[in-house]
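I kept a notebook open while going through this one, and these are my entries. They go from the whole chain down to single residues.

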Amino acid sequence: NNAIIREKPMFTAITYNNKELVGYINGYSTGKTYSAVGDVLQNDAPLTIGNRVSGQRGLIGIVYCVLLYNRNLSHQEIKQTYRAVREILAQRGIVI
């Protein structure tokens with residue numbers, strides 16, 4: 001089971017460099033990488049966030065913000081983005 005259960009909001013990010021996926025939580029690497037070789041698939045299918053396309057693994061919670069980039073972000077850029085998102089959400093009373 002790869003479920004992540006938290007009682008408060010968190011910032012998650014995934015980067016892809018044509019070789020591997022790297023996960024981040026609150027600006028820090030999870031320490032896990034996953035091999036994934038090839039280009040990102042481009043098609044007309046809808047982008048699904050917080051669930052599988054089949055609807056079998058729904059997110060229990062709220063997605064406050066989604067950012068998509070057309071390039072791989074560095075670890076430093078992930079940290080900077082986390083700090084910026086944390087600041088914006090804090091202004092709305094949401095603490096991560």
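**Contacts along the chain.** I began with sequence separation: among contacts with a separation of 6 or more, 33% are between residues 24 or more positions apart. I note here that I am working from a predicted model.

**Overall layout.** I looked up the secondary structure next and found 1 helix and 3 strands. Following the sequence, I read the pattern as β-β-β-α. The C-alpha atoms fill a box of roughly 40 × 30 × 30 Å along the principal axes.

**Surface and burial.** I checked how much of the chain is covered: 18% of its 96 residues count as buried. The chain exposes about 7900 Å², and 51% of that comes from carbon and sulfur atoms.

**The nonpolar core.** Which residues make up the largest nonpolar core? I listed 11: Phe11, Ala13, Val22, Tyr24, Leu73, Ile78, Tyr82, Val85, Leu89, Ile94 and Ile96. Both β2 (20–25) and α1 supply at least two residues of this core. The top contributor is α1, with 4 residues.

**Phe11.** I picked Phe11 out of the core for a further look. Phe11 sits in the segment before β1, and I noted it as buried because its relative accessible area is 10%, against a cut-off of under 20% for buried. Leaving out residues up to four places away in sequence, Phe11 touches Tyr24, Ile25, Asn26, Gly27, Ile78, Thr81, Tyr82, Val85 and Ile96. I also took the distance to one of these partners: the C-alpha atoms of Phe11 and Ile96 are 7.1 Å apart, with their positions 85 residues apart in sequence.

**The aromatic pair.** I searched for ring pairs and the count came to 1 aromatic pair. How are the rings of Phe11 and Tyr82 placed, stacked or tilted? Their centres are 5.5 Å apart and their planes stand at 55 degrees, so I wrote the pair down as tilted. The angle falls between the limits of under 30 degrees for stacked and over 60 for edge-to-face. Phe11 comes from the segment before β1 (12–16) and Tyr82 from helix α1, so the pair ties together parts that are 71 residues apart in sequence. Phe11 and Tyr82 are both buried.

**Thr15.** I went on to strand β1, where Thr15 lies. Is Thr15 buried or exposed? Thr15 counts as buried because its relative accessibility is 8%. Beyond residues up to four places away in sequence, I found Thr15 touching Glu20, Leu21, Val22, Tyr24, Asn72, Leu73 and Ile78.

**Two asparagines with positive phi.** I looked through the backbone angles and stopped at Asn18, which has a positive phi of about 70 degrees although it is not a glycine. Asn18 is placed in the loop between β1 and β2, and at 41% relative accessibility I list it as partly exposed. Asn26 also has a positive phi, of about 50 degrees, and is not a glycine. This residue, Asn26, lies in the loop between β2 and β3. At 13% relative accessibility, Asn26 counts as buried. I had already met Asn26 on the list of residues that Phe11 touches.

**The salt bridge.** How many salt bridges did my search give? The count came to 1. In it, the side chains of Glu77 and Arg71 meet at 2.8 Å, N to O. I looked up the exposure of both partners: Glu77 is partly exposed, with a relative accessible area of 22%, and Arg71 is partly exposed too, at 46%.

**The loop before the helix.** I then turned to the loop between β3 and α1, where I found Ser74. Ser74 has a relative accessible area of 34% and is partly exposed. Its C-alpha atom and that of Ser35 are separated by 18 Å, with the two residues 39 apart along the chain.

**A nonpolar patch.** My last entry concerns the surface. Leu47, Ile49, Leu59, Val63, Val66 and Leu68 make a nonpolar surface patch of about 580 Å². I checked one of its members, Leu59, and found it in the loop between β3 (28–35) and α1 (75–91). At 47% relative accessibility, Leu59 counts as partly exposed.

Terms used:
Residues numbered from 1 in each chain as written. Predicted model: local features only at pLDDT ≥ 70, side-chain atom pairs only at ≥ 80, totals over all residues. Heavy atoms only, no water. Patch = residues over 30% accessible without salt bridge, like charges linked within 9 Å, V, L, I, M, F, W, Y side chains within 5 Å. Areas by Shrake-Rupley, 256 points an atom, 1.4 Å probe, with all protein chains shown as cover. Salt bridge = Lys/Arg side-chain N within 4 Å of Asp/Glu carboxyl O. Buried < 20%, exposed > 50% of the residue type's maximum accessible area, 1.4 Å probe, protein only. Core = buried A, V, L, I, M, F, W, Y, C linked by side-chain atoms within 4.5 Å. Contact = heavy atoms within 4.5 Å. Phe/Tyr/Trp six-rings, centres within 6.5 Å; stacked < 30°, edge-to-face > 60°.
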